[in-house]
Amino acid sequence: MNKALRKVVIAGNWKMNKNPDEAKKLVEDIKPLVANANCDVIVCVPYVDLTNVLAAAAGSNVKVGAENCHWEVSGAYTGEISAQMLKSMNVEYVIIGHSERRQYFGETDVTVNLRVKAALAAGLKVILCVGERLEQREQGVTCELVAMQTKIALGGISDEDMKNIIIAYEPVWAIGTGKTATSEQANEVNLAIRETVAQLYGKAVGDATTVQYGGSMNAANAAELLAQPDVDGGLIGGASLKPADFATIVSAASK
Ligand code: PEP
C-alpha cells in the first residue's frame, strides 16, 4: 500500500474539556508549535468553544471540527446541533460514531450512518470512528466487526463523497485507558478497514482513504504507530490537550 497516495491527518478530540477562554488559549499555544507541519492538523472541540477556536485558528494551518452532529436539519431535538448549524459557522470537520457516543449515548451503526450522510450533505468532512470492545477482540472478531461498522456507516455514500471521509480505527479498550494497540495490531485493523473501503468503492478509493489510529496515542508511542504503512495519522484524545505532546505527534506524522 502506498502511503503517499493519501493525506496524513492528526486530529485532536478535546471531548468535554475546556471552556471557551481556555479553548482560545489552547489553540493559541498549539498554533506556533504545528505551523510547519507536513500533515493536516485538526482540533475537534466542544460546541461552545467553536466560535473562539475558529477565530483563534483563522489564518493558520489548524483546521476546526466538532465532536458530533444530528442528522436532521432543524426541529424539535432539544439539546442537539445540526450539521448545517456547524457549516454555517465555517466548521470544516465533524467526528461521528466516537465510541463514547456509542457507549454512553445510544449511538448505533444506523444512527452513525444517518449522521455521516447529514454531515456530508451539509458540506462537512467526516472523521468516522470504528473499533472493537475488549471482549470482541478476545473473541477474535475485530476485523469482521470493524468491517461491518464501516459498511453500515458508509451505506448510501458515493465514491465522490469518500474524498470527504477519514476513518479512525479506535479500539474501545485503548481509548483513555493508557493501553495502546501494538503498531502491528493497529496496522492490521487499519488495513482491514482499507480493504473494506476497496471492496465497496474499488482499490483506488481504498488506497486514497485516510485511515487513522486512535487510542492512547501519545508523544512517546506516536512515531512507531505512525510509521506503519496503513496508519495515516491519529485521532488523539488526552494528548491533544497538551500542546507540546500534540506538537510532538504532529511532527512524528510530518516525517
Ligand atoms: C479519542 O478520544 O478519540 C481518543 C483516542 O482518546 P485517547 O487518546 O485519550 O485515548
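Cys-44 counts as buried in this predicted model, because its relative accessibility is 0%. The sulfur of Cys-44 lies 8.9 Å from the closest cysteine sulfur, which belongs to Cys-129, and this separation is too far for a bond. Cys-143 likewise takes part in no disulfide, and the nearest cysteine sulfur, again that of Cys-129, is 17 Å away. With a relative accessible area of 25%, Cys-143 is partly exposed. A disulfide is a covalent bond between the sulfur atoms of two cysteines. When pairs of cysteine sulfur atoms within 2.5 Å are sought, the count comes to zero disulfides.

Cys-44 belongs to a strand whose residues were examined in turn. In strand S2, Asp-40, Ile-42 and Cys-44 point one way, while Val-41 and Val-43 point the other way, and all of them are buried. Strand S2 is accordingly described as mostly covered, five of its five residues being buried.

The sheet to which S2 belongs is closed. Eight strands form a barrel in the order S1-S2-S3-S4-S5-S6-S7-S8, and the pairing is parallel. On average, and with direction ignored, neighbouring strands of this sheet are turned by 25 degrees against each other. Strands of a sheet pair through backbone hydrogen bonds, either parallel or antiparallel. Strand S1, residues 9-13, pairs with strand S8, residues 233-236, in the parallel sense over four bridges, and within this pairing Ala-11 stands opposite Leu-235 of S8.

On the other pairing of S1, five bridges join this strand to S2, again in the parallel sense, and Gly-12 has Val-43 of S2 as its bridge partner. Between the two strands the chain passes through helix H1, residues 20-34, and the resulting β-α-β crossover is right-handed. Strands S2 and S3 also run parallel and are joined by four bridges, with Val-41 standing opposite Val-62 in S3. A right-handed β-α-β unit is made by S2, helix H2 and S3. Helix H2, residues 50-57, lies across strand S2 (40-44) and strand S3 (62-66), and runs at about 165 degrees to S3.

Helix H8, residues 183-201, also packs on the sheet, where it touches strand S5 (125-130), strand S6 (165-169) and strand S7 (211-214), and its direction makes about 145 degrees with that of S6. Helix H8 has 19 residues and reaches 26 Å from its first C-alpha to its last, which is close to the 27 Å expected at 1.5 Å a residue. The buried residues of H8 include Ser-183, Ala-186, Asn-187, Val-189 and Asn-190, and, further along the helix, Ile-193, Arg-194, Val-197 and Tyr-201. After H8 comes Gly-202, whose phi is positive, near 100 degrees.

Helix H7, residues 142-153, was compared with its expected span in the same manner. At 1.5 Å a residue, its 12 residues should span 16 Å, and the end C-alpha atoms of H7 are 16 Å apart, so the two values agree. The residues of H7 that are buried are Thr-142, Leu-145, Val-146, Ala-147, Gln-149, Thr-150 and Ala-153. The elements covering these buried residues include helix H4 (99-104), helix H5 (109-121), helix H6 (134-138) and helix H8, together with strands S5 and S6.

How values were computed. Residues numbered from 1 in each chain as written. Predicted model: local features only at pLDDT ≥ 70, side-chain atom pairs only at ≥ 80, totals over all residues. Heavy atoms only, no water. Pairing = 2+ DSSP bridges. Axes fitted to C-alpha atoms, helices over the stretch in contact; angles between N-to-C directions. Contact = heavy atoms within 4.5 Å. Buried < 20%, exposed > 50% of the residue type's maximum accessible area, 1.4 Å probe, protein only. Right-handed = clockwise from strand over helix to strand, strands pointing away. Expected span 1.5 Å × (residues − 1).
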